[in-house]
Amino acid sequence: MQPILTITQLSKTYASGFVALKNVSLEVQRGEIFALLGPNGAGKTTLIGIVCGIVNATGGTVVVDGHDIVRDYRRARQMIGLVPQELTTNAFESVWDTVSFTRGLYGKPANPAHIELVLRALSLWDKKDSRIMTLSGGMKRRVLIAKALAHEPTLLFLDEPTAGVDVELRRDMWQLMRGLKEKGVTIILTTHYIDEAEEMADRIGVINRGEIILVEEKAHLLRKLGKKQLTLDLDAPLTAVPPALADYGLELSRNGCALTYTYDDTQSERAGIVRLLGALADAQIRFKDLQTSQSSLEDIFVDLVRETS
C-alpha cells in the first residue's frame with residue numbers, strides 16, 4: 001500500500017544559519033497513529049510546518065497521498081488538518097462560525113451536519129453560539145481540534161494537542177483519536193507525554209537535532225530496546241558481589257540487601273536466569289523475594305536522545 005505521507009531528504013536552514021532539519025526521510029502509512037518524539041528544538045514543529053505549507057523547505061520533497069505539496073499544493077493541503085500548539089483563534093467569533101469558516105477555506109461546501117457531528121464529538125455543542133473569548137483554555141483547545149476536522153482531512157497533525165490541558169480532556173482526546181483512526185484518518189502526533197505515545201501510537205519516530213534517529217513499531221521498539229530487570233531481595237546483606245557471579249553483571253544495592261540482574265526477553269537470557277539462580281545457590285546466597293520490571297518507552301527515549309546529544 002502506498003504511504004499517505006512520503007518525506008524525502010527534507011532539510012531546512014533558517015536565515016540565521018540555524019539548521020532545523022538535516023535530510024529527513026520518513027514514510028507514514030495510511031490509517032496509522034504515528035508518534036513523533038523529540039526534545040525541545042529537535043525539529044518536530046518545523047517538520048510539521050513544512051508538510052502543512054506554513055514553512056518553506058530548503059531542500060527535499062514532501063508528497064501527501066500522491067500530491068507534491070509544492071507542485072500540487074491545493075490538493076495536498078485539502079487532505080491535511082493541523083492542530084497547532086498555540087491557541088490561535090478569532091476571539092470575537094462564535095464557535096460555530098469559526099469552525100464553519102475554516103471548512104470554507106478549504107473549498108468545501110457547507111455541511112452543517114458534519115460541523116454538528118464534530119462539535120458534539122468534542123463536547124462543544126452547548127458552546128456553539130459562545131464567543132471564543134469566553135471559553136476556558138481547555139475548550140479553546142477543543143475548538144482548534146474542531147477547526148482541524150472541519151474539512152474532513154485524511155491526514156491529521158496534532159502538535160502537542162494535550163499540552164496544559166486537564167486529565168479529562170486528555171482522555172477525551174485519546175478517545176477521539178481512536179475514533180478517527182477507525183474511520184481511516186491517519187494521525188501524526190507530537191507529544192511531550194511519553195505515556196500518550198505509549199498508549200496511542202502504532203509506530204514511534206524519534207527526532208533529535210534535526211535528524212530522524214529511529215523509526216520503529218511501538219511493540220517492536222519496546223521488545224528490542226526495552227530492558228528487563230530481575231531484583232532479588234537477599235536474606236542477608238552482602239559487602240560485594242562474589243567473584244563466582246562476576247559474569248552475570250549483577251548490581252548490588254547500596255545497602256547490600258538486593259541484587260539486580262538486567263536481561264532481555266530472549267530464550268537464551270531466560271536460560272541465563274535459571275543458571276544465575278543455580279549459581280546463587282552454589283554460592284550459598286539466599287533470597288527472600290524477587291521481582292521483575294521492564295523499562296518504559298520514556299526510558300528508551302531518554303537513552304536514545306542522550307546517545308545522540
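**Exercise 1. Which residues have the most contacts inside the largest nonpolar core, and how many residues does this core have?**

Start with the ground rules. This is a predicted model, where local features need pLDDT of at least 70, side-chain atom pairs count only at pLDDT 80 or more, and totals for chains, interfaces and linings use all residues. Numbering runs from 1 along each chain as its sequence is written, and side-chain values use heavy atoms, with hydrogens and water left out.

Next, the term: a nonpolar core is a set of buried Ala, Val, Leu, Ile, Met, Phe, Trp, Tyr and Cys residues joined through side-chain atoms within 4.5 Å, with buried meaning under 20% relative accessible area (1.4 Å probe, protein chains only).

Now the result: the largest core has 31 residues, and L156, L158 and I187 have the most contacts inside it. At least two residues each come from α3, α4, α5, β7, α6 and β8; α5 gives the largest share, seven. Helices (H or I, at least four residues) and strands (E, at least two) are DSSP runs, numbered from the N terminus.

**Exercise 2. List what L158 touches, leaving aside neighbours within four places in sequence.**

Take contact as heavy atoms within 4.5 Å. That gives V83, M173, M177, I187, I188, L189 and T190. Apart from this core sits another one of 27 residues, including I48 and I207.

**Exercise 3. Where in the chain is confidence lowest, and where is it highest?**

pLDDT is the predictor's confidence in each residue, from 0 to 100. The chain mean is 86. Helix α10 (residues 297-308) is lowest, with a mean of 69, while strand β1 (residues 5-13) is highest at 97. Where pLDDT is low, don't read the predicted coordinates in detail.

Conventions. Buried < 20%, exposed > 50% of the residue type's maximum accessible area, 1.4 Å probe, protein only.
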